[in-house]
Amino acid sequence: MKKAFYRAARNGQADWKMHALSVFSLAVAFVCLASALLVVTNLDAVRARWSRVGRTTAYLRDGAEPAAVQDLREALVRTPGVKRVRVVSPEDARKELVTESGDASMGALPPQAFSTSIEIDFEGTVSDDEVKGVADKLKAMPVVDGVETYARWSERLGGLLRGGVLASLLLAVVVLGAVVSVVASTMRIVLERRKVEVEVQKLVGASDDYVRAPFLVEGAAQGGLGALLALGLLAVLYGIVRARFDGTLGLLLGVEPTFLPWTVALGLVALGTALGASSSFVSLRRMTQL
């Protein structure tokens, strides 16, 4: 095996331009797949964040009596599973909007533009059905104008996540075709250039495995390096986008963008290596009947 790596390195130096072009072509294909996986990873983080938000906001009608608001608050405090209840006045809502958005012009809005609300935080053990039950009871109260449980955001993000996974699977098929095509084409050209060398090796009694080994190493190296280069390019693009990411958007979403987990990145490189080696193996068998 050590000799196979040595011969592959020696042959790769002789055909380095061709191999470099092949690696770049594979990197373009893997960038598409890695980008889709990056989107799916961040979508899943947002979905997970909103699925466990554990919060409900009840918006009260204009002119709600302070006594009625206090009674509702005390009833919620006594509700099992409720961790915290906070009454947000119109003035407090305006101040929070200015602080979170960083836009001082929002402070010019009159307090009447906001409504009094009650924010309810639930314990982590409370189920979605229990949260929905509390929300339904709040909606039935005359003092409550509307209730937001944030469940619909989780559902919408779940739909986007499923679409992203499907797109990633389709891109994986495209990448598979690209790797097979590029590596097979490269191996055909390389084998044609080394035809005399291969024939001499066979004449002196070299086994099929001995002749095939350096080609398999070269194919695996092309696939692995293509995936690795794709990750590098994606990291640069991610850094550019991350540097321009609006902090307000991160505050709204509840999560900050992240790069691919190391397990996914390592799996992508392993996938490229395996596809490159297998494509080279199939191509060699078809061309040489080794």
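A residue is called buried here when its relative accessible area is under 20%, and this cut-off will be needed at the second stop of the tour.

**The whole chain**

Begin with the entire protein chain selected, bearing in mind that this is a predicted model. Coloured by secondary structure, the chain shows 10 helices and 4 strands, which follow one another along the sequence in the pattern α-α-β-α-β-α-β-α-β-α-α-α-α-α. Of its 290 residues, 36% count as buried, while the chain as a whole exposes about 16800 Å², 63% of it supplied by carbon and sulfur atoms. If you draw the contacts between residues with a separation of 6 or more, you will find that 85% of them join residues 24 or more positions apart.

**Strand β3**

Next, select residues 117-122, which form strand β3, and show their side chains; 6 of the 6 residues are buried. In a regular strand the side chains alternate between the two faces of the sheet. Looking at one side of β3 you meet S117, E119 and D121, and turning to the other you meet I118, I120 and F122; as each of these residues is buried, both faces of the strand are covered.

**The partners of β3**

Keep β3 visible and add residues 55-60, strand β1, which pairs with β3 in the antiparallel sense over 5 bridges. To find one place where the two strands meet, select T56, whose bridge partner in β3 is I120. Then add residues 82-88, strand β2, which also pairs with β3 in the antiparallel sense, here over 6 bridges. Within this pairing, V87 has I118 of β3 as its bridge partner.

**The nonpolar cores**

Now leave the strands and select F30, V175, V179, F215, L231, L260 and L268, the residues with the most contacts inside the largest nonpolar core, which has 27 residues. Two or more residues of this core come from each of the helices α2 (16-51), α6 (151-193), α8 (208-243) and α10 (262-288), and the largest share, 9 residues, is given by α2.

Which residues does L268 touch, once its neighbours within four places in sequence are left aside? Centre the view on L268 and you will find it in contact with F30, L33, A34, L37, A227 and L231.

For the last stop, select V85, I120, L138 and V144, which are among the 18 residues of a second, separate core. Here I120 returns to view, the β3 residue already seen as the bridge partner of T56.

Methods
Residues numbered from 1 in each chain as written. Predicted model: local features only at pLDDT ≥ 70, side-chain atom pairs only at ≥ 80, totals over all residues. Heavy atoms only, no water. Buried < 20%, exposed > 50% of the residue type's maximum accessible area, 1.4 Å probe, protein only. Contact = heavy atoms within 4.5 Å. Areas by Shrake-Rupley, 256 points an atom, 1.4 Å probe, with all protein chains shown as cover. Pairing = 2+ DSSP bridges. Core = buried A, V, L, I, M, F, W, Y, C linked by side-chain atoms within 4.5 Å.
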